[in-house]
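The following exchange asks on what grounds certain structural terms are applied. Each reply sets a value against its criterion.

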Amino acid sequence: MKTSLLAISAALMLGSACVASAEPVKIGLITTLSGGGAGLGVDTRDGIMLAIKQSGRKDVTVVTEDDAQKPELAVQIADKMIQSENVDVLTGIVWSNLLMAVQPGVVAQGKFYVSTNAAPAALAGAKCDPLYFNAAYQNDNLHEAMGEYANKGYKKMFIMAPNYPAGKDSLTGFKRYYKGTVANEVYTQVGQTDYAAEIAQIRASGADGVFVFLPGGMGIAFMKQYAQSGVKTPIIGPGFSFSQDVLPAIGDAALGVKASGQWVKDLDNAANKAFVPAFEKEYGRLPSIYAVQAFDAAQLILSASSKASVKDAKAFAAALNAADIKSPRGNFKFNTNRHPIQDIYVTEVVKENGVLTNKTVEKIFTDHGDAYAKDCKK
Amino acid sequence: MTFALALEQLLNGVQLGFMLFLMAAGLTLVFGVMGLINLAHGSLYMVGAFACAAVAAATGSFWLGLAASLAFAAGAGALMEVTVIRRLYSRDHLEQVLATYALILIFSEGTRWLFGSFPLYLDIPPLLQGAVSLPGGAQYPLYRLAIIATGAAVAMGLYLLISRTRLGMRIRAGESDREMIAALGVDIRTLYTLVFALGAALAGLAGAMVGAIQSVQVGMGEPVLILAFVVIIIGGIGSIKGAFVGALTVGVVDTMGRFLLPQLLTFFVSPADAKPMGAAIASMLIYLVMAFILAVKPRGLFPAQA
């Protein structure tokens with residue numbers, strides 16, 4: 001493991017060494033480090049820091065601030081970072097509603113934004129921007145994968161998501177690929193903690209499968225309550241409802257759940273085999289999908305800044321767009337709307353040495369883009 | 001809609017109501033007796049859940065965790081009263097809100113500092129696992145029935161405490177005339193600390209019980225706190241009976257609204273619009289009910305005498 005790590009950092013250093021003349025880069029990292037959503041922000045920060053540490057680059061600096069999951073605060077921080085701290089690239093926002101508030105100001109002031117997670121449909125289509133890159137996915141992708149997967153065994157699905165933009169994107173994405181019958185479609189409140197009323201409807205619906213998109217604490221609450229309800233209908237969902245950050249809190253109730261992800265811990269590629277142990281060694285826990293996305297976002301910025309000056313927006317954008325990185329996801333390249341084209345997998349929650357984690361079941365999409373790229377003309 | 005589904009949903013509403021009652025009882029007592037708005041009541045709920053999860057993880061026993069949640073929440077409540085709250089009784093409500101809001105931030109970040117940013121694991125005890133059959137054929141989780149039973153027992157206990165014991169008499173007396181009861185030689189400071197710790201223990205109990213079926217994480221108390229405020233405003237501030245009726249009203253209205261409104265709306269608008277619209281109206285429903293009740297009875301259903 002050590003040798004492969006060394007090899008990677010050596011390779012990255014070589015990459016940086018050949019452009020000693022490149023401008024130093026200052027990254028503005030805005031993410032959620034307090035409140036209920038802090039787990040996702042901590043993984044985001046740690047993923048970025050690991051990539052920078054491994055690169056050994058001294059010309060890349062990071063300023064980090066906590067957005068407390070509040071859009072108005074995130075906007076203030078972004079303006080402060082751009083105007084008084086002179087950052088070149090911003091990154092790290094977890095939530096779509098925060099990104100929608102921050103992104104217009106960032107690109108209007110001529111700065112780059114590389115998203116580590118949030119990927120609302122509104123920024124992928126007609127309102128795409130040459131300075132806005134998404135290193136994660138487009139919001140619909142993992143739901144589309146589950147829709148495709150549900151075609152293989154479920155005739156009648158009960159589908160459920162929180163009532164906010166990403167929740168509607170989720171069910172839209174699922175239905176875009178699912179060809180069976182939708183028994184019932186339920187929108188829950190954002191931050192809802194009690195799902196008894198919804199579970200009763202699942203029981204009454206006669207569906208043979210349930211698709212849920214409930215990130216963070218919502219998913220934990222739902223899964224624990226579902227396990228107690230005596231309803232046995234199988235659950236499927238997008239990967240972030242069953243990601244490494246929430247699995248320990250759900251417990252054995254999550255065992256056997258099928259989910260989708262563009263990265264899985266056991267993916268068989270050299271970059272992943274170096275990344276997982278390196279992250280575990282550095283932070284003492286397994287990486288989540290958010291950590292991988294952030295790691296790749298940082299890799300993209302590092303790679304671009306070794307090829308072009310960040311002050312030359314056109315050249316830097318082209319260098320980012322080349323996506324010259326070794327992603328733990330395997331195949332990774334940018335679509336015409338600067339969102340990823342990547343493989344998507346179906347995973348299953350299993351227990352390994354007493355720790356709950358995901359394993360790969362099958363590859364459901366190869367080189368999957370998104371439905372909005374065709375509307376992006378910029 | 002079958003009878004079984006309707007019965008199950010009604011039980012869900014009642015269960016949510018009893019859980020809210022545990023939160024609202026402490027909040028309304030503190031407001032009624034001491035005239036204090038305590039925003040940090042949700043933090044005590046969180047303290048209970050974290051104490052239960054931590055002790056249950058260390059010892060393997062949910063029941064020890066439950067005992068710990070009562071002890072820790074009551075202890076945290078007493079400490080909060082003696083160090084901060086005591087200085088706020090004579091101040092106006094705005095200063096109380098500011099100070100107790102600061103307590104929320106201190107408790108949240110303190111908890112993160114101790115336990116980290118990731119949610120903790122807390123499972124239901126083996127005794128209460130699984131579901132039981134109801135008349136009509138529906139299955140209902142045993143644990144939720146246990147929450148209903150606990151809530152009912154606490155409601156009964158509080159009623160007896162307030163109406164039949166010397167402590168209850170003093171609480172009622174303190175509510176009506178603070179100076180007079182102090183003049184009669186009752187140690188009002190200790191009484192206030194006791195009442196505050198009692199309210200805190202109930203919040204801690206609610207946090208621990210709910211923690212087993214939800215996510216034990218920083219910030220878990222605030223959404224419940226908002227509902228608890230709705231409950232005591234509907235019920236009439238300071239009234240335990242009001243908190244009880246208010247909690248059950250909010251629980252049943254919220255659950256039934258989430259379940260029935262999206263279906264009802266499909267008669268008026270297209271199904272594609274009805275689902276999100278129904279969900280949006282359902283999330284407003286308890287506030288509409290609150291506004292309606294306040295319009296008819298501005299001091300709530302069972303106002304305590306001022």
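The questions below concern a predicted model and turn to a sheet, its helices and a contact between chains.

Q: Why are β1 and β2 of chain A called paired strands?
A: Pairing requires at least two bridges between two strands. Seven bridges join β1(A), residues 25-31, to β2(A), so the two count as paired, and they run parallel. Within β2(A), Val60(A) stands opposite Val25(A).

Q: What makes β2 and β5 of chain A edge strands?
A: The open sheet has five strands in the order β2-β1-β3-β4-β5 (chain A), with parallel pairing. β2 (60-66) and β5 (132-134) of chain A each pair on one side only, and are therefore its edge strands. From one strand to the next, the twist averages 20 degrees.

Q: How do you know which way helices α2 and α3 of chain A run with respect to β1(A)?
A: Angles run from 0 to 180 degrees between N-to-C directions. Helix α2(A), residues 38-55, makes about 160 degrees with β1(A) and touches β1 and β2 of chain A. For helix α3(A), residues 71-83, the angle with β1(A) is about 170 degrees, and this helix touches β1, β2 and β3 of chain A. Both values lie towards the 180-degree end of that range, so each helix runs roughly opposite to β1(A).

Q: What makes up the side of chain B that touches chain A, by class?
A: Chain B gives 39 residues to the contact and chain A gives 34 residues. On the side of chain B, 19 are nonpolar, 13 polar and seven charged. The largest share of that side, six residues, comes from α1(B).

Key
Residues numbered from 1 in each chain as written. Chains lettered and ligands numbered in written order. Predicted model: local features only at pLDDT ≥ 70, side-chain atom pairs only at ≥ 80, totals over all residues. Contact = placed C-beta atoms within 7 Å. Helix = DSSP H or I, 4+ residues; strand = E, 2+ residues; numbered from the N terminus. Nonpolar A, V, L, I, M, F, W, Y, C, P; charged D, E, K, R; others polar.
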